[in-house]
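Work through the exercises below with the model open. Each task is followed by a solution in steps.

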Number of protein chains: 4
Amino acid sequence: MPLTPEQEEEIKAQRATPRQTLRAVSEGMEAHLYTAYPVLDHGFVRVIDYMGDDAAIVQAARVSYGAGTRHVSNDEGLIRYLMRHWHSTPFEMCEVKLHVKLPVFVARQWIRHRTANVNEYSARYSILDREFYIPEPSALAAQSTVNNQGRGEVLGPEEAARVLEILKGDAARCYDHYEAMISDEGQQGLARELARMNLPANVYTQWYWKTDLHNLFHFLRLRADAHAQYEIRVYAEEIGRLVADWVPLAWQAFLDYRVGGATLSAKALDCLRRMLAGEEVTQETSGLSKREWREFREVLGNER
Amino acid sequence: MPLTPEQEEEIKAQRATPRQTLRAVSEGMEAHLYTAYPVLDHGFVRVIDYMGDDAAIVQAARVSYGAGTRHVSNDEGLIRYLMRHWHSTPFEMCEVKLHVKLPVFVARQWIRHRTANVNEYSARYSILDREFYIPEPSALAAQSTVNNQGRGEVLGPEEAARVLEILKGDAARCYDHYEAMISDEGQQGLARELARMNLPANVYTQWYWKTDLHNLFHFLRLRADAHAQYEIRVYAEEIGRLVADWVPLAWQAFLDYRVGGATLSAKALDCLRRMLAGEEVTQETSGLSKREWREFREVLGNER
Amino acid sequence: MPLTPEQEEEIKAQRATPRQTLRAVSEGMEAHLYTAYPVLDHGFVRVIDYMGDDAAIVQAARVSYGAGTRHVSNDEGLIRYLMRHWHSTPFEMCEVKLHVKLPVFVARQWIRHRTANVNEYSARYSILDREFYIPEPSALAAQSTVNNQGRGEVLGPEEAARVLEILKGDAARCYDHYEAMISDEGQQGLARELARMNLPANVYTQWYWKTDLHNLFHFLRLRADAHAQYEIRVYAEEIGRLVADWVPLAWQAFLDYRVGGATLSAKALDCLRRMLAGEEVTQETSGLSKREWREFREVLGNER
Amino acid sequence: MPLTPEQEEEIKAQRATPRQTLRAVSEGMEAHLYTAYPVLDHGFVRVIDYMGDDAAIVQAARVSYGAGTRHVSNDEGLIRYLMRHWHSTPFEMCEVKLHVKLPVFVARQWIRHRTANVNEYSARYSILDREFYIPEPSALAAQSTVNNQGRGEVLGPEEAARVLEILKGDAARCYDHYEAMISDEGQQGLARELARMNLPANVYTQWYWKTDLHNLFHFLRLRADAHAQYEIRVYAEEIGRLVADWVPLAWQAFLDYRVGGATLSAKALDCLRRMLAGEEVTQETSGLSKREWREFREVLGNER
């Protein structure tokens with residue numbers, strides 16, 4: 001359970017008192033504000049605040065491109081045009097602030113996206129809770145044998161059981177020792193900033209994370225991707241669901257041009273033209289390496 | 001007059017239809033939304049959107065510093081503590097989006113603040129209006145003789161008149177020629193992206209500019225400073241008035257610690273300690289250069 | 001002539017005294033250091049300093065991806081892999097510092113690339129030179145009729161002559177007045193920070209501009225593109241020639257995957273799969289808008 | 001021992017083959033290149049590359065401020081002027097690339113400095129070494145009782161012994177289990193990206209970290225400060241020693257204006273003026289809170 005009853009009450013209170021504003025309002029996002037959507041076993045994502053909506057993107061684009069945007073008759077067409085031509089600045093005019101609870105090893109990947117504002121719970125000042133990410137057995141996979149970073153097959157039940165026992169046991173013991181070290185009963189009590197070093201990377205932390213829509217799309221493209229680690233992908237997917245309701249037109253354009261799209265190299269485009277002209281192109285005649293050829297065929301949907 | 005009647009109508013309409021939101025609301029800022037506050041002869045600043053308020057700063061800080069913030073009993077004390085100790089991330093949790101109309105030479109200084117999102121009116125796509133900044137006679141000053149960048153005395157009335165005649169005449173002629181070059185009557189008409197090169201730097205442009213409160217304070221500290229060029233300072237001062245109503249506690253802390261404060265070097269602190277101990281310190285015995293000594297004395301309020 | 005004899009002498013001196021270093025050295029870049037390559041009528045680009053080479057990209061990638069990079073046997077393959085999969089951080093490990101002289105309206109576009117360090121010649125402190133960009137007649141084009149931002153046909157000789165006369169005349173007159181206003185002979189002399197507002201946007205400025213290779217590639221992709229304005233494109237192309245000698249492997253990967261490549265949307269990929277399966281797809285049956293269809297056909301090389 | 005004999009050999013080789021360059025060279029930094037300086041029990045800092053020197057700062061400043069810098073006759077005076085007046089861009093013209101080995105909990109603080117380029121060793125691709133930070137007994141301190149984040153007294157020998165036993169035991173056991181889980185002998189072997197979650201935060205990681213001098217100074221000001229956690233401060237101090245040899249003039253200015261200097265609020269400056277005028281000011285009459293008063297007195301050196 002990611003939330004305590006007190007937290008549930010607090011969220012209910014935050015959602016109970018609407019106020020008036022003259023700002024742009026996204027009804028889709030208002031429906032989500034403050035609600036904590038569970039992710040993994042103890043984590044969550046919730047929207048604390050947002051700025052702008054689809055119309056704000058259009059408004060900024062029309063300032064920038066002025067007469068150049070008049071021929072694009074509607075908002076949807078303009079937003080698709082902006083996405084297609086990598087005009088990123090209008091998307092930067094929207095901003096979102098999330099409250100996220102997540103395991104430390106996920107936070108370590110996430111923080112690599114530098115263009116964001118972050119306030120993380122500090123284990124120098126405060127005591128971390130006894131909450132650790134313990135994967136579902138279905139998420140326990142072997143090291144991939146074809147890919148140096150990904151996961152391969154799911155572990156068999158026996159090995160999975162061994163792994164879970166280890167993870168649970170070490171988390172419990174490390175946390176017991178963390179508590180024992182900081183305790184000031186009958187001893188001085190180790191400084192928190194030192195004691196935390198004993199906690200494994202599956203302990204949960206939390207932060208406020210604020211970014212603009214352009215950078216959020218970049219984050220989602222990389223982290224909701226099939227090659228991303230499962231444990232960060234589920235956060236990205238949950239955020240995606242929120243964005244779909246916040247800025248539905250921008251979200252559709254993002255799905256079409258970024259998520260579902262593909263970038264082809266000059267060499268790959270050359271192959272394509274030859275294939276469309278009726279030539280039988282093979283890896284040997286393609287000019288592509290074996291790996292590039294395999295990726296190219298995947299884009300064309302022939303193999304996966 | 002910075003606004004056309006149509007624009008005045010549009011602002012009235014934007015302010016006429018409040019909607020409900022669950023987000024943090026700053027009443028002080030709501031009162032300013034969309035209204036265009038005149039700056040210089042044709043410019044303006046207006047707030048298009050904002051995110052957060054004083055409470056949002058406190059909320060983010062309490063997440064970060066947890067138990068460490070409990071002893072600071074109230075919001076004001078905590079915000080002052082954050083400002084004093086350069087804890088910048090909680091201030092980054094607030095965001096503001098402005099619509100600004102400004103001369104190009106001011107825009108060129110402004111854009112040097114890189115941590116912001118910008119959508120500027122494009123003179124490649126659109127035709128610039130016939131609007132140029134012509135200073136008030138009181139703003140026409142001579143090159144400073146003590147400072148290599150600032151202004152000195154106000155020009156005498158004759159010289160001022162000559163300058164104004166030049167500025168007005170050149171602006172009008174350059175704009176006439178701009179129009180003549182892009183006209184497609186009886187000729188092909190020069191591309192806008194080329195014709196714009198004939199317009200002087202006092203022509204007005206406009207943009208949407210979005211930044212977070214921490215970076216806005218940095219901008220204001222540099223640009224509302226007495227050493228900043230008058231023509232950007234008046235924008236910074238106008239923005240300051242808006243910020244004062246948006247986040248009044250943060251604004252007071254900013255005034256006390258940044259605007260009214262001063263940074264002293266190790267050498268200057270050493271002088272200070274000697275002075276407080278009763279020693280008569282002079283520039284010669286201070287270890288400071290003449291220029292540093294003068295600046296030090298100014299901070300102490302002895303001379304200016 | 002972009003350089004004075006004194007400047008030519010200075011460059012010769014800078015190139016005359018090699019020193020020893022233990023750092024990574026790119027012989028290709030050493031050959032270019034300090035030399036000013038002319039761009040437009042008075043502009044130039046020259047390399048002042050650089051950090052890293054192709055091997056530095058590889059070195060950083062191998063730290064990051066460790067065992068994951070071992071199967072890619074050579075540097076070229078690894079660099080191509082990084083470029084293909086948008087692994088941008090290893091490219092950020094190279095840095096370059098350029099000295100650029102350029103018209104103000106080009107500088108205004110250029111500065112929109114925010115992830116760079118800039119020191120621009122200040123017209124508050126110093127007096128700008130009497131140098132203005134006056135286009136070649138072949139660069140004087142009409143506003144495009146199909147595209148709201150680009151250029152169309154080259155102007156006829158008569159109209160071109162009129163335009164050139166205007167540009168030269170206004171530049172000369174505005175500069176004469178600039179000099180007259182700042183002169184302190186027989187008058188106080190207007191402050192430089194004010195007088196500069198009378199100078200048109202084709203006046204030359206100069207700056208030191210430092211950025212990393214990843215962000216430089218992003219700049220080059222947008223600014224060396226056929227849709228970029230000619231006057232910034234020639235700078236991007238000149239910089240591209242320098243980069244090709246600095247990091248030849250990264251440059252080739254950039255050409256193949258970014259410059260010569262193309263991004264296709266999910267809808268376009270679907271069309272492609274149907275076409276490769278033998279179906280006759282038209283704009284009407286494609287699910288693409290007319291504009292998207294035209295761009296898609298261009299990528300396939302069928303029309304332009 | 002932070003380095004293996006192979007690594008020592010590699011460094012020797014890197015230092016053995018100087019090459020010629022036309023770039024700016026800092027002799028002080030050349031003497032340090034590649035050498036790994038030990039920090040903590042298994043960590044190190046070493047310089048992989050650098051760009052620029054004191055003269056490069058001056059050169060960029062003279063481009064920017066032109067005539068405004070002529071009256072400052074020498075490089076030292078100009079660099080001090082830039083530092084004093086927060087002119088940050090010339091310092092951004094220098095860049096440094098470090099290779100750092102550090103515990104994960106230190107890396108988590110470090111990465112919060114966003115304006116830097118990073119390539120970290122990936123525990124998704126590679127297997128982490130069995131190396132954990134185990135503090136010296138003298139570094140084992142109790143939670144501060146006056147400050148919510150800092151450390152107080154050093155632990156007594158018995159409690160210290162208990163803590164060290166815990167840290168060593170848990171590190172060893174967690175690493176044993178990490179190895180057991182990823183092993184593919186007689187089992188499938190858990191994916192590395194999952195197994196790493198069992199490792200405590202004192203495990204060592206490493207990265208290439210590249211930043212400019214302005215941002216490095218900001219990092220050093222915060223992290224070499226007495227309030228910074230000891231385990232990151234020792235890295236900052238080691239880097240400081242390298243910077244002192246790289247750009248000695250900038251380093252001295254940094255020490256005087258940032259490290260040894262202090263920022264006083266408007267209220268504190270008012271107290272100061274009254275004190276210098278002979279008034280006896282107490283906390284009660286100062287207008288400062290108790291905490292501010294204590295900090296103010298510390299700056300004046302009266303108490304600590």
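**Exercise 1.** Find which residue of chain B comes closest to the rotation axis, and state how chain B and chain D are related.

Solution. The model is predicted. Of the residues of chain B, B:T263 comes closest to the rotation axis, its C-alpha lying at 2.0 Å. Next, consider the superposition: chain B falls on chain D after a rotation of 180 degrees with 0.0 Å of shift along the axis, and the RMSD is 0.0 Å. The two copies are therefore related as by a two-fold rotation axis. Last, compare the surfaces: 100% of the interface residues of chain B are also interface residues in chain D, so the copies meet through the same surface.

**Exercise 2.** Describe the extent of the contact between chain A and chain D.

Solution. Count the residues: chain A gives 59 and chain D gives 60. Then take the area: about 5,300 Å² is buried between chain A and chain D, with 49% of this from carbon and sulfur atoms.

**Exercise 3.** List the polar links between chain A and chain D, then say which elements of chain A supply the contact.

Solution. There are 39 residue pairs in polar contact between chain A and chain D, both residues at pLDDT 80 or more. The count of salt bridges between these chains is 4. In one salt bridge, the side chains of D:R151 and A:E193 meet at 2.4 Å, N to O. On chain A, the elements that each supply at least two residues of the side touching chain D include α5 (104-110), β7 (151-154), α6 (157-182) and α7 (192-195). The largest share, 10 residues, comes from α6(A). By type, the residues on this side of chain A divide into 28 nonpolar, 16 polar and 15 charged.

Definitions and conventions
Residues numbered from 1 in each chain as written. Chains lettered and ligands numbered in written order. Predicted model: local features only at pLDDT ≥ 70, side-chain atom pairs only at ≥ 80, totals over all residues. Heavy atoms only, no water. Contact = heavy atoms within 4.5 Å. Buried area = accessible area lost by both parts, 1.4 Å probe. Polar contact = N/O pair within 3.5 Å; in protein donor to acceptor, adjacent residues only side chain to side chain. Helix = DSSP H or I, 4+ residues; strand = E, 2+ residues; numbered from the N terminus. Nonpolar A, V, L, I, M, F, W, Y, C, P; charged D, E, K, R; others polar. Least-squares fit on C-alpha atoms with pLDDT ≥ 70 in both.
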